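Open the model in your viewer and keep the selection panel at hand. The tour goes from one selection to the next and says what is found at each stop.

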Amino acid sequence: MTSLFEELQPAAAAEVQTTRVDIKINGEYKAAQIEPRLLLAHLIRNGFRLTGTHTGCDTTNCGACTVLMDGAPVKSCTVFAVQANGHEVTTVEGLATASELHPIQEGFKDEHGLQCGFCTPGMMLSAKALLDENLNPTEDEVRWALSGNLCRCTGYQNIVKAVLWAAAKMRGDVPADEAATADDSPGGEA
Amino acid sequence: MFPSRFRYEAPTSIEEAIALLGANEDAKVLAGGQSLIPMMKLRFANPALLVDINNIPDMGYHRADADGSFRIGALCRHADLEKSTILREHQPLLAAAAPLVADPIVRTRGTFVGSVCHADPQGDWAACMVALGGSVIAQGPNGKRAVEVKDFVSGPFTTVLARDEIAIEGVVPKAQGTRTGGYLKLERRVGDFATAAVAVSLDMSGGVVKNAGIGLVGVGSQTINASEAAAALIGSSLDDEAVDRAAELAAEASNPRGDHRGSADYKRHIVSTFVTRIIANVQRSEMQVA
Ligand SMILES: Cc1cc2nc3c(=O)[nH]c(=O)nc-3n(C[C@H](O)[C@H](O)[C@H](O)COP(=O)(O)OP(=O)(O)OC[C@H]3O[C@@H](n4cnc5c(N)ncnc54)[C@H](O)[C@@H]3O)c2cc1C
Ligand code: FES
Ligand code: FES
């Protein structure tokens, strides 16, 4: 069991309420004994040491801390960790398998959907929530679904392309530019 | 950032939640947490006890009842309403506002009723409820009472809820004829609070307005019920004269302050433009149906 902030804080005084939470995170059951005021983002990062989830603004504005709770995107800086007790959480670490990137990750790689990468985990989880419901989104629907996630680098254009790329891949269509690359390659016309 | 220490309870029944609120001087209800948690992190709010209502079953509903009313339970999220087909069918004003409340991530947790209880002068839902003549059902130790939203919000971020009362649902009354209306919101960027927004509800019968309501967002220290503007529409056939008069009266009812989102004059101008535009949109879509 992970006791949160154990190396940062002296053992909590006896009168301080702590609660045990059990969370299924990226398919694995984890437990922690925590104070109710602990935010989910902090449990994920400092308690479970899954540092792929970023905290940007810490004021519920930027979406960098987005994770999926029971499949729905939430800003983990604005959910108490106790509230995730008994729920399922997916972070960016839960996207890839041991051997393969998730199509969304491939899309971000292929379409240059990131620069500094700070917003990327949150972007990808918002994208996952969209594609889990709709594998055939229009560009507008992608933009709308990502409108709670801020990016200070890319200008969004390549992020949108990355998600459309992933959608095509997940549908089993050859993503448009992969076909283009094939055509450009020597022998592609043969 | 994290809040100061509090005790946390997550009861599984309304009665238990009400008892907890009654027994603790400084307790607060936690619904979607999308306003309360940010305020607690900034230490604008420091409740000693949080009563989390998310584990209470059967409160996530929204439905059209046989008596013509429309009911929205305390755990119905903004996102549930955004995706709802029955909302689109029965409550065009609410359906128009649903995708404009906050951003998609906040919408998965934030609740309709929590937003009304938060009583933010920039809250979208309270203005819609004012336009619709809607009520909140409050439950306390002695039972339930209905309070019209126009009387429920008693000031900026304040409601008439007693310390041991929980808002269990929002109720929109039956339409007097065919319900139409719309919501327009000017925001600096997608997902932002309103620079100004206008909710118009119209109940029409035989081309005549039977009932009307207008709610204004972000143009005063609380949600504004532009009742005189709405009255100018009732009995009319939405002719230019009635619409112009309503737009003018709505702008007069607003009391905006100039800030980083725009000057007071600008916001007043938006209000009158939006009233006219919503009604023009309604008329255009009716022509398409006819
Ligand atoms: C980035 C961001 C952008 C936003 N933009 C908008 C916007 O454009 N328009 C808009 O309208 N809102 C906006 N919001 C606010 C959002 O809609 C909140 O969800 C809403 O204001 C509060 O609902 P909640 O369920 O999250 O309530 P909470 O945060 O849980 O509670 C808010 C308050 O209401 C009380 N309360 C909640 N439910 C009940 C109940 N059932 N009975 C009694 N008291 C109750 C709580 O005690 C608390 O005081 C935004 C929020 C964020 C973080
Ligand atoms: S860190 Fe949570 S929204 Fe920015
Ligand atoms: S890639 Fe840098 S913030 Fe988005």
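The stops below cover the ligand site, the contact between chains, the domains of each chain and one loop residue. Keep in mind throughout that this is a predicted model.

**Stop 1: the ligand**

Select ligand 1 and show the residues within 4 Å of it. The shell holds 32 residues. B:V29, B:G33, B:L36, B:T111 and B:D124 are the closest of them. Colour the shell by chain: because the residues around ligand 1 come from chains A and B, the site is shared between chains.

Next, colour the shell by residue class. It divides into 14 nonpolar, 14 polar and four charged residues.

Which secondary-structure element gives the most residues to this shell? Select α7 of chain B, residues 112–118: with five residues, α7(B) is the largest contributor. Chain B also has β2 (27–30) and β10 (166–172) here, and each of these three elements supplies at least two residues of the shell.

**Stop 2: polar atoms around the ligand**

Stay on ligand 1 and label distances from its oxygen atoms. A polar backbone atom of B:G32 is 2.8 Å from an oxygen atom of the ligand. For B:G33, one of the closest residues of the shell, the distance from a polar backbone atom to a ligand oxygen is 2.7 Å. At B:S35 the partner is a polar side-chain atom, which lies 2.7 Å from an oxygen atom of ligand 1. Now turn on the surface: ligand 1 taken alone exposes 970 Å², and the protein buries 94% of that.

**Stop 3: chain A against chain B**

Select the residues of each chain that touch the other. There are 31 in chain A, in contact with 32 in chain B. The two chains bury about 2,600 Å² between them, with 60% of this on carbon and sulfur atoms. Show A:R37, A:F80 and A:W144 as sticks: they supply 26% of the area that chain A buries against chain B, more than any other three residues.

**Stop 4: the domains of chain A**

Hide chain B and colour chain A by its domain assignment, with domain 1 at 4–94 and domain 2 at 103–179. In chain A, 17 residues of domain 1 are in contact with 13 residues of domain 2. About 1,100 Å² is buried between these two domains of chain A, and carbon and sulfur atoms give 66% of it. On the domain 1 side, pick A:H54, A:L68 and A:V92, which lose the most area to domain 2 of chain A and together make up 39% of what that side buries.

**Stop 5: the domains of chain B**

Switch to chain B, which is divided into domain 1 (7–52), domain 2 (62–172) and domain 3 (178–289). Place a centre on the C-alpha atoms of domain 1 and another on those of domain 2: in chain B these lie 19 Å apart. The contact between domain 1 and domain 2 of chain B takes 14 residues from each. Between them these domains of chain B bury about 1,200 Å², 66% of it on carbon and sulfur atoms. Select B:I18, B:L21 and B:Q34, the residues of domain 1 that lose the most area to domain 2 of chain B; together they account for 39% of what that side buries.

**Stop 6: a loop residue in chain B**

Finish at B:S221, in the loop between β13 (208–217) and β14 (224–225) of chain B. What does B:S221 contact beyond its neighbours within four places in sequence? The partners are B:P121 and B:P156. Add B:D120 to the selection: its C-alpha atom is 8.8 Å from that of B:S221, with the two positions 101 residues apart along the chain.

Notes
Residues are numbered from 1 along each chain as its sequence is written. Chains are lettered from A and ligands numbered from 1 in the order in which they are written. This is a predicted model: local features need pLDDT of at least 70, side-chain atom pairs count only at pLDDT 80 or more; totals for chains, interfaces and linings use all residues. Side-chain values use heavy atoms; hydrogens and water are left out. A polar contact is a pair of N or O atoms within 3.5 Å; within protein, one must be able to donate a hydrogen and the other to accept it, and residues adjacent in sequence count only if both atoms are side-chain atoms. Accessible areas come from the Shrake-Rupley method with a 1.4 Å probe; for residues, only the protein chains shown count as cover. Helices (H or I, at least four residues) and strands (E, at least two) are DSSP runs, numbered from the N terminus. Ala, Val, Leu, Ile, Met, Phe, Trp, Tyr, Cys and Pro count as nonpolar, Asp, Glu, Lys and Arg as charged, and the others, Gly among them, as polar. Domain bounds come from an automatic or database domain assignment. Contact means heavy atoms within 4.5 Å. Buried area is the accessible area (1.4 Å probe) that two parts lose on being put together, summed over both.
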